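Subject: Structure for your review

Dear colleague,

Please find below the structure that I am handing over to you. My findings on helix packing, the nonpolar cores and the backbone follow it.

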Amino acid sequence: MLGDNLPQPSDVVSLYKSNNIGLMRLYSPDGGALNALRGSGIQVLLDVPNENLQNLASSPSAASDWVQTNVRAYSPDVKFRYIAVGNEVIPGDNAQYVLDAMKNINNALGNDLGGQIKVSTSVSTGVIGVSYPPSQGAFSGDAMTYMGPIVQYLASTNAPLLVNVYPYFSYKGNPNSISLQYATFTSPSTVVQDGSLNYQNLFDAMVDSVYAALSQAGGANVPIVVSESGWPSDGGFAASVDNAGTYNANLVKHVGGGTPRKPGPLETYVFAMFNEDQKTGDPTEQHFGLFYPNQQPVYPVSF
C-alpha cells in the first residue's frame, strides 16, 4: 500500500479474484480494504502493526478494543485467517512485547472467533542462527530468548509460525557460494545433500532450517506458513523481470508439494501485489510487485 498511484480497494479485490488469488495479507487494518473484502471469500492475514505491540501487550482492554474495531466489525463478512502480531520484530526492541500481545489478542478473540482465527507473529529468517545444513537449523541466542516461549505457545494453540523467506537476499549477500539457479528453483539436480534429504533449491533449505529450529525448541508439530516471499524486478543486483518472473512462477508451482522435510502443501504469500513508488530503503524495495499500479502484470504468473 506504500504507493500514491494504487488502484481503489474494490478494483484490487476484483484483480485478486480474476487471478484466482484466494488469500491476502494486509500489514495494517485498513478500513477501505476491509470493507472492499466483505463477501469476497478472500481469506485475510491481518497484521497488528509493530507500533501497537507495547500497548496491546500491557492492556487486555486495548487488545479487546483492537479486535472489536478491526476484526469483529467486519466478521463474518470478511474471512480472517490469521492475525500476525508484529512483523519481523524479533530480535529487536519490540520483541519483548510479542508474546503478551499475542495472548491478549487471542483472549480478545474469545471462543467464538478463536477457533477460526489463529494468532501468531511473522519473523524473518534472521531469527535463525544456524541454517546449514538445514537439519541443524537452530534459533540464534538473541532470538531464542523470545522464540522459545512463543513456539511453546503456538504449539498449545495449534497455530503456525509465520516466516518471511527470501532466497533473493541470501543470494544477493553471497553470490559466490549460492548460484542463481539454486535461488530461483532452476537447478537441474541436487545442490545440497543433508542426510537422506536432497535440496534442489534454496527456498526449501531455508524453510527446513526453520522447521529444524522449531523442533529443537519443542515445536515439532508447529507448522510454517510462509508469510512473504518474492523477488524484485528492478532496482539492483539480480533484480530483473526475467529473474523475478522465474522465481515467482516457480514458487507458485513449487509450494504445492512442500519441502523435503515436510512434504505436502505449504501455504505461501507472495510479496507483493503491486510495485510501491513510496517504499523507502534499497531501490529494489519499490519493485517487488507482481502488478504495476495500472493493474498490468509485470510478468506472467499463473495462480
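Contact, as the word is used in this message, means heavy atoms within 4.5 Å. Please bear in mind throughout that this is a predicted model.

Helix 5 and its two partners

With that cut-off, V98, L99, M102, K103 and N106 of helix 5 meet P149, I150, Y153, L154 and T157 of helix 6. Sorted by character, the residues of this contact comprise 7 nonpolar, 2 polar and 1 charged. Helix 5 spans residues 98–114 and helix 6 spans residues 141–157; their axes come within 10 Å and cross at roughly 20°. Angles under 35 degrees count as roughly parallel, and helix 5 is therefore roughly parallel to helix 6. The crossing of helix 5 past helix 6 is left-handed.

Helix 5 also packs against helix 4 (residues 60–72), at an angle of about 55° and with the axes 7 Å apart. Helix 4 and helix 5 are therefore oblique to each other. The handedness here is right-handed, as helix 4 passes helix 5. On the helix 4 side, the residues involved are P60, A63, S64, W66, V67, V71 and R72, and they meet N104, I105, A108, L109, G110, D112 and L113 of helix 5. This contact divides into 9 nonpolar, 3 polar and 2 charged residues.

Nonpolar cores

In soluble globular proteins, nonpolar side chains tend to be buried together. In this model, the largest nonpolar core has 94 residues, and the members that touch the most others are V71, I90 and F203. Helix 9 (residues 202–216) supplies the largest share of this core, with 9 residues. Another core lies apart from it; this one has 6 residues, including L45, A84, V225 and Y269.

Which residues does I90 contact, leaving aside its neighbours within four places in sequence? They are A95, V98, T121, V123, V127, A143, Y146, M147 and I150. Among them, V98 and I150 also appear in the contact of helix 5 with helix 6. V71, for its part, belongs to the helix 4 residues that meet helix 5.

Backbone features

I90 also takes part in a cis peptide bond, which joins this residue to P91 with omega at about -15°. P91 is placed in the loop between strand 3 and helix 5. A further cis peptide bond runs from S75 to P76, with omega near 5°. P76 sits in the loop between helix 4 and strand 3 (79–87).

Positive phi values also deserve mention. E88, although not a glycine, has a positive phi of about 55°. E88 is located in the loop between strand 3 and helix 5, and its relative accessible area of 38% makes E88 partly exposed. Q295, likewise a residue other than glycine, has a positive phi near 75°. Q295 lies in the segment after strand 11 (268–270) and counts as partly exposed, at 26% relative accessibility.

In brief, helix 5 is roughly parallel to helix 6 and oblique to helix 4, while I90 is one of the residues that touch the most other members of the largest nonpolar core and is joined to P91 by a cis peptide bond.

With kind regards

Terms used: Residues are numbered from 1 along each chain as its sequence is written. This is a predicted model: local features need pLDDT of at least 70, side-chain atom pairs count only at pLDDT 80 or more; totals for chains, interfaces and linings use all residues. Side-chain values use heavy atoms; hydrogens and water are left out. Axes are lines fitted to C-alpha atoms, for helices over the stretch in contact, and angles run from 0 to 180 degrees between N-to-C directions. Helices (H or I, at least four residues) and strands (E, at least two) are DSSP runs, numbered from the N terminus. Angles under 35 degrees count as roughly parallel, over 145 as roughly antiparallel, 65 to 115 as roughly perpendicular and the rest as oblique. A crossing is left-handed if the near helix is turned anticlockwise from the far one by less than a right angle, and right-handed if clockwise. Ala, Val, Leu, Ile, Met, Phe, Trp, Tyr, Cys and Pro count as nonpolar, Asp, Glu, Lys and Arg as charged, and the others, Gly among them, as polar. A nonpolar core is a set of buried Ala, Val, Leu, Ile, Met, Phe, Trp, Tyr and Cys residues joined through side-chain atoms within 4.5 Å. Buried means under 20% relative accessible area, exposed over 50%, partly exposed in between (1.4 Å probe, protein chains only).
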